[in-house]
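Let's take a friendly walk through this structure together. Please have the viewer ready.

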Amino acid sequence: MKISNNWLKDFVKTESKTERIGEFLTDIGLEVEGIDKFESVKGSLEGIVVGKVLTCEKHPNADKLKKTTVEVGSGKVLNIVCGAPNVEAGQTVPVAVVGTKIYDKTGNFFEIKEAKIRGEVSQGMICAEDELGLSDDHGGIMVLDETKYEVGKNFADYFELTNDEVFEIGLTPNRTDAMSHYGVARDLHAYLSTNQLKSQFNKVASEALNNEGSHDFKLEIEDAELCPRYIGAVIEEVKVAESPSWLKDRLKAIGLSPINNVVDITNYILHGYGQPLHAFDADKIADKKVKVGTVKAGTKFTTLDGVERTLNGSEIMIKDGKDTPMCIAGVFGGEKSGVSETTKTIFLESAYFNPIAVRKGAKAHTLNTDASFRFERGVDPNLTRTAITHAIKMIQEIAEGKLVGELLEEYPKKIEDNYVILRFSKIEQILGTKIHREKVKEILKALEIQVLNEIPNGFEISVPAYRADVTREIDVIEEILRIYGYNKIDAPQKISFTPVKLSANDQDELENSWARTLQSLGFNEVMNNSLTSVKDETDAVKLLNPLSGDLAFMRKSLLEGLLQNAVYNINRKNQDIKFFEFGKIYHKKDKYEERKQLAVLVTGRDVAENWLQPKSAVSFYNLKAYVKVLLEKLAVDYKEVALSDERFSDALVYEAEGKALVRIGKVAPALLKEFDIDQECFYAEVELEYAQELRSKNELKFKDIPKFNKIRRDLALLIDKNINYQELYQTAKKNKSPFIKNINLFDVYEGKNLPEGKKSYAMSFELLNEEKTLEEKEISEVMDSLIKSFQKEFNAELRS
């Protein structure tokens with residue numbers, strides 16, 4: 001937000017320099033991100049003199065150019081080539097002499113030099129209004145009144161030039177009280193006055209108004225919850241015209257473009273006092289009645305920007321007597337009811353609208369205006385009348401308007417200040433230091449927080465309603481510290497804390513353990529936004545008031561976010577990627593579902609390129625190995641089942657107790673193409689909540705290392721091609737022998753010397769008796785049992 005130093009001085013007087021003011025604002029939490037210079041006329045008109053055109057004739061070598069001689073004082077005459085169509089002999093004009101810098105709107109300039117133009121010498125430039133920063137008019141040179149301007153005089157002497165410093169402050173969303181020059185000045189004064197720095201604060205109050213006659217306008221508030229306070233004024237004989245220079249300069253300094261005196265006055269009040277106002281053309285209000293309420297969903301309404309919008313029925317609307325919408329209250333005005341050059345009578349509005357309702361209306365139509373920015377955060381309900389009376393006074397003085405009749409006002413239930421009990425012991429506990437109670441009292445007074453009663457250990461206080469963010473004791477303590485000064489609090493010499501041992505059932509303990517494991521394997525953790533866009537809205541959870549179309553849905557999967565991370569890195573030549581993310585996914589089926597997952601994505605090389613392994617592309621099996629390392633921490637049995645998922649070209653799921661625990665797959669080429677990725681990616685997602693449930697059932701138990709050696713035996717099985725390894729593995733796992741510790745497939749062969757429709761699987765089995773050395777007889781019994789199972793289930797044959 002931009003704050004004009006000159007504007008700030010209207011409310012607070014201090015002897016401190018601009019740089020110091022910037023430091024003070026930063027000290028109280030209004031961080032100054034930059035200070036810019038503002039000049040009402042770019043370049044300050046330096047080098048521009050008043051001249052008189054003596055002669056003017058056609059350029060011999062160019063039809064559109066003219067040769068002129070111009071006197072610039074003391075008998076000095078310049079030859080100037082001019083291209084303006086309206087230049088004539090005898091005119092009094094502004095002249096940029098050699099060496100003058102002419103500035104454009106962006107602050108860039110070019111220097112006037114003596115030059116030859118189509119063979120004719122030109123020793124300066126006769127200027128147009130836009131070239132001097134006086135307007136946007138470039139229709140021709142600026143012709144001056146010879147009775148007011150003296151030849152040879154500096155052109156700048158005839159102008160009151162405004163110079164200003166503008167602060168760019170970073171304003172946090174909770175600081176609704178500082179969204180105006182008056183609010184910033186009030187906060188600045190609180191800091192200066194309590195830190196022995198001279199300052200004088202000009203507290204505003206309602207203006208005494210002169211009104212004439214009466215009016216027939218009526219006001220109706222349909223729902224006081226949507227509009228707790230509303231004030232309207234009828235002003236006649238308004239002359240809509242250009243604003244005076246001082247008002248235009250005020251607005252230009254903070255980046256606003258002046259429009260006309262009425263609109264400029266409402267903008268002045270908005271940025272000056274923080275209270276948005278809106279002016280309607282009173283002659284366009286049917287039945288001379290203003291209503292505040294809602295309209296039917298589906299109603300069409302064209303806003304000031306010419307866009308026809310479909311209302312959803314929840315917006316606060318300003319309507320006329322026939323219920324025709326005139327304005328989305330607190331957000332944006334209507335095209336047909338706005339003030340124009342032909343407006344003679346205006347209905348001026350000042351109100352306090354429900355912040356939540358304004359925010360919903362603004363977000364529903366993706367509108368973000370200066371008014372909605374303030375209304376949806378909560379303006380000062382007690383400033384509503386003060387702001388409109390100041391605006392009326394300005395309209396009377398600048399636009400010659402006449403206030404007719406009394407102000408219309410509805411304020412059925414006053415918005416009360418917040419009652420808080422503040423304890424000195426709590427201040428000391430939070431800040432770690434003692435602040436004298438009289439100092440606390442002084443700071444509270446400077447912040448306009450009223451001390452209602454003094455109690456043994458503190459104060460009963462009343463926090464003004466404009467501090468919507470200060471509702472609790474801790475909020476008040478933060479305010480005291482902010483004004484007292486963060487730098488006055490000594491940093492502690494030591495920090496004490498009690499370590500907390502997490503239980504096995506703690507979700508964070510599992511996540512931290514897995515995160516450390518993955519990091520040790522070379523993975524990097526990422527965090528992505530839960531809000532996204534989706535192509536298929538099936539089962540998707542849609543936001544009621546999305547910030548934008550790209551952030552309209554809750555994510556259905558973590559995969560898309562990781563692919564975005566991957567393509568960002570690949571495009572920057574980082575093609576070897578190992579990412580993981582802990583996050584939630586959301587679905588809407590019979591009810592809303594929210595699940596937390598661990599997602600893992602790998603692509604590129606598994607290990608860095610080297611002479612021994614120049615090509616080591618990561619594969620599906622690398623990812624399986626990483627996942628198995630994680631699952632070892634669960635001490636749970638699981639089985640592999642083929643998975644059909646449109647996100648993957650090849651995939652499987654690990655099931656535990658009949659429920660999906662992990663899904664692993666090779667990302668489908670079509671999906672990779674959408675993200676413009678041309679290298680294979682492999683993805684796995686683990687159901688975290690289910691993993692934690694299994695972990696709590698199967699706590700890991702540590703055992704001594706066996707004293708006896710494992711025995712390995714291999715089997716080469718001839719089986720039908722349609723039989724997969726998972727089926728063989730599950731059959732072996734069902735064997736009743738307690739000695740089988742590990743099962744592995746180490747070779748697959750399909751080709752010559754095998755019967756048609758057959759393939760060969762070579763499997764290894766590790767056997768161990770932890771109490772004694774296995775005898776050959778025991779080993780043979782186990783292997784014979786396995787062979788019989790394979791023969792019975794799959795008609796397998798042993799290969800010699």
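The paragraphs below look at salt bridges and then at the largest pocket.

This is a predicted model, in which local features need pLDDT of at least 70 and side-chain atom pairs count only at pLDDT 80 or more, while totals for chains, interfaces and linings use all residues. Residues are numbered from 1 along each chain as its sequence is written, and side-chain values use heavy atoms, with hydrogens and water left out.

Let's begin with charge pairs. A search of the whole structure finds 54 salt bridges (a side-chain nitrogen of Lys or Arg within 4 Å of a carboxyl oxygen of Asp or Glu). One of them joins arginine 482 to aspartate 187, at 2.6 Å from N to O. Because arginine 482 sits in helix 11 (residues 473–484) and aspartate 187 in helix 3 (residues 181–193), the pair ties together parts that are 295 residues apart in sequence; helices here are DSSP runs of H or I with at least four residues, and strands are runs of E with at least two. Both arginine 482 and aspartate 187 are buried, meaning under 20% relative accessible area with a 1.4 Å probe and protein chains only. Through shared partners, salt bridges link Arg175, Asp177, Asp187, Arg467, Asp469, Glu479 and Arg482 into one network.

Now to the largest pocket. By class, its lining has 21 nonpolar, eight polar and 16 charged residues; Ala, Val, Leu, Ile, Met, Phe, Trp, Tyr, Cys and Pro count as nonpolar, Asp, Glu, Lys and Arg as charged, and the others, Gly among them, as polar. A pocket is an open set of points on a 1 Å grid over the protein atoms alone, where a 1.4 Å probe fits, with protein on both sides within 12 Å along at least five of seven lines; lining residues have an atom within 4 Å of a point.

Conventions. Buried < 20%, exposed > 50% of the residue type's maximum accessible area, 1.4 Å probe, protein only.
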